[in-house]
Amino acid sequence: MSQTVSHPAVPAPPAADSAAEWDTWRAERRRALTSPTGNLALVETRWLPAGERPDVEAARAGQPDTVTVTTLERTDRVTGAPEHGLRFWDSAAPALRHFEGTDAFPHDPAWVLEASYTPVPGARRVPFEHIRDNGGTRDLVVPGDIELTLDGHTYTLSAFDDDGTLLLVFGDPTNGATTYGAGRFLFVRRTADDDRRVVLDFNRAFVPPCGFSDQYNCPMPPRQNRFHLPVEAGEKLPVFRDGFPAQR
């Protein structure tokens, strides 16, 4: 029951951490978000009837020149059959025109944390609730456990495999106040010299795609990925001009 999750609006995790590198990451992040197929440009996700295959040329017919059409696929939560869909990206989308930037906490090296990583043999699947599934869950492959001690609490975190990179979906008390309400995402960096150690640089925690367009179906943090203390690092919320509604 998996669903492919792709984040073209997030630069690859860096090999090291510094305020200058973080500034570069922030600039690259903005460029990706505002690209013609960045998160802000997604104006429609259209799932097709069962058994129907997408026809990009037919879907593109009659659309403005600013629109790009792509395909996507997921697995039906009930039947396990493949579902096909179309995505429509508009480089003149209202969200792009009104986008001011993404607020973030100041860079803080204290939020670059090492953790232990224990691979789990086989394709273990963990249910993740998704924001547009009305309480339903989709199983995502979690290849190992991340053990992190934070403020005296030890957490066993579940990061799923996102095209070969570990992606952590986490929540904390800032959600719904200073950060996106449904939680934030973070790519987990493996260390070069020890495959049992990973780095969680919360300065690069980012607003999930559904914070920029309601046409995404983002996974939400499972119970084990919810921290008890505020994670005051990383992105907060998108900012839009002229009262344009942000996805909170």
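Reader: Is Arg-196 buried, partly exposed or exposed?
Author: This is a predicted model. Arg-196 has a relative accessibility of 45%. Buried would need under 20%, and exposed over 50%. The value lies in between, so Arg-196 counts as partly exposed.

Reader: Where is Arg-196 found?
Author: Arg-196 sits outside the strands, in a loop. One flank is β12, residues 197–201, and the other is β11. The place is the loop between β11 and β12.

Reader: Which residues is Arg-196 in contact with, leaving aside neighbours within four places in sequence?
Author: Contact here means heavy atoms within 4.5 Å. With the sequence neighbours set aside, the partners of Arg-196 are Ala-115, Ser-116, Tyr-117, Thr-118 and Pro-119.

Reader: What separates the C-alpha atoms of Arg-196 and Ile-146?
Author: Along the chain, Arg-196 and Ile-146 are 50 residues apart. In space, their C-alpha atoms are separated by 9.2 Å.

Reader: Is Asp-172 buried or exposed?
Author: Asp-172 lies in the loop between β10 (165–170) and β11 (184–190). Its relative accessible area is 8%. The cut-off for burial is under 20%, so Asp-172 is buried.

Reader: Which side chain makes a polar contact with the side chain of Asp-172?
Author: Asp-172 touches Arg-184, Phe-227, Leu-229, Pro-230 and Val-231, not counting residues up to four places away in sequence. The polar contact is with another residue, at 2.7 Å. That partner side chain belongs to Thr-174.

Reader: How many disulfides does the count give?
Author: Cys-210 is buried, at 4% relative accessible area. Cys-218 is buried too, at 4% relative accessibility. A disulfide needs two cysteine sulfur atoms within 2.5 Å. By this rule the count is zero.

Reader: Which strands stand at the edges of the open sheet of three strands?
Author: The strand order is β1-β3-β2, with antiparallel pairing. An edge strand has a single partner, so one of its sides is left without a neighbour in the sheet. The edge strands are β1 (42–47) and β2 (67–75).

Reader: By what angle are neighbouring strands of this sheet turned against each other on average?
Author: The sheet in question has the order β1-β3-β2. With direction ignored, the average turn between its neighbouring strands is 25°.

Reader: What is the bridge partner of Trp-47 in β3?
Author: Strands of a sheet pair through backbone hydrogen bonds. Five bridges join β1 to β3, residues 82–90, and the two run antiparallel. In β3, Trp-47 is bridged to Gly-85.

Terms used. Residues are numbered from 1 along each chain as its sequence is written. This is a predicted model: local features need pLDDT of at least 70, side-chain atom pairs count only at pLDDT 80 or more; totals for chains, interfaces and linings use all residues. Side-chain values use heavy atoms; hydrogens and water are left out. Helices (H or I, at least four residues) and strands (E, at least two) are DSSP runs, numbered from the N terminus. Buried means under 20% relative accessible area, exposed over 50%, partly exposed in between (1.4 Å probe, protein chains only). A polar contact is a pair of N or O atoms within 3.5 Å; within protein, one must be able to donate a hydrogen and the other to accept it, and residues adjacent in sequence count only if both atoms are side-chain atoms. Two strands pair if DSSP finds at least two bridges between them. Axes are lines fitted to C-alpha atoms, for helices over the stretch in contact, and angles run from 0 to 180 degrees between N-to-C directions.
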